[in-house]
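Subject: Structure for your files

Hello,

Here is the structure I promised, with notes on what turned up in it below.

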Amino acid sequence: METYLALFIEFFKTGLFSVGGGLATLPFLYKIADRYSWFDHAMLTDMLAVSESTPGPIGVNVATYAGFHTKGVPGGLAATFALVLPSYIIIVIIARFLARFNENKTVKSVFYGLRPAVAGMIAASGCTVALAALTNQERFVQTGSPLGLINLLAVALFALLWFLLQKYKKHPAFYILGAAAFGIVFQL
């Protein structure tokens with residue numbers, strides 16, 4: 001029972017403080033991975049990859065995946081409910097009072113100030129994911145070679161997909177499926 005409570009509390013805090021969407025939850029999820037043995041950083045990268053390629057909000061998908069991995073269906077439900085509950089509560093409160101404060105200069109300033117913070121959190125999350133996807137820290141530790149740190153196959157795939165996306169402008173789902181197949185074949 002204490003694991004369910006811990007799942008609920010951790011994902012509630014994540015939902016409460018991760019302003020800006022799913023990628024803004026990543027710093028909180030990395031801290032959860034450091035604090036608990038529910039998942040590690042490598043698993044979190046895999047969870048993010050699966051969550052980005054499935055329908056729905058990334059943060060909710062990761063919470064569901066992490067909760068399910070930890071405690072099955074009840075864990076997935078607890079983590080998901082905990083993640084979305086703060087947003088629901090805040091939206092209900094805002095909806096009640098927004099008409100009153102809609103033109104308030106302080107409220108406008110607060111929302112204006114949140115924009116760069118959200119952009120910074122999303123950019124930091126993107127850099128963290130890119131670093132995890134394009135490097136291989138385990139191989140670097142084993143070999144000690146700086147070239148061992150770079151996952152050349154992943155970098156080549158990233159460059160190829162970027163080129164194809166710019167040239168052919170097909171739906172991103174095609175590139176996601178292609179990258180998934182490539183990862184399965186080459187065990188990235």
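The lining of the largest pocket draws at least two residues from each of α3 (41-52), α5 (105-134), α6 (137-143), α8 (152-168) and α9 (172-186). Helices here are DSSP runs (H or I, at least four residues), numbered from the N terminus. A pocket is an open set of points on a 1 Å grid over the protein atoms alone, where a 1.4 Å probe fits, with protein on both sides within 12 Å along at least five of seven lines; lining residues have an atom within 4 Å of a point.

This is a predicted model, in which local features need pLDDT of at least 70 and side-chain atom pairs count only at pLDDT 80 or more, while totals for chains, interfaces and linings use all residues. Residues are numbered from 1 along each chain as its sequence is written, and side-chain values use heavy atoms, leaving out hydrogens and water.

The volume of the largest pocket (the space filled by probe spheres set on the points, which are joined across faces, edges and corners) is about 1700 Å³. It has 40 lining residues, with Thr-45, Ala-49, Val-129, Ala-132 and Ala-133 closest to the centre.

The second largest pocket has about 490 Å³ and 22 lining residues; Ser-18, Val-19, Gly-20, Ser-87 and Ile-90 lie nearest its centre. Two or more residues come from each of α1 (2-17), α4 (58-101) and α5, and α4 gives the most, with nine.

Regards
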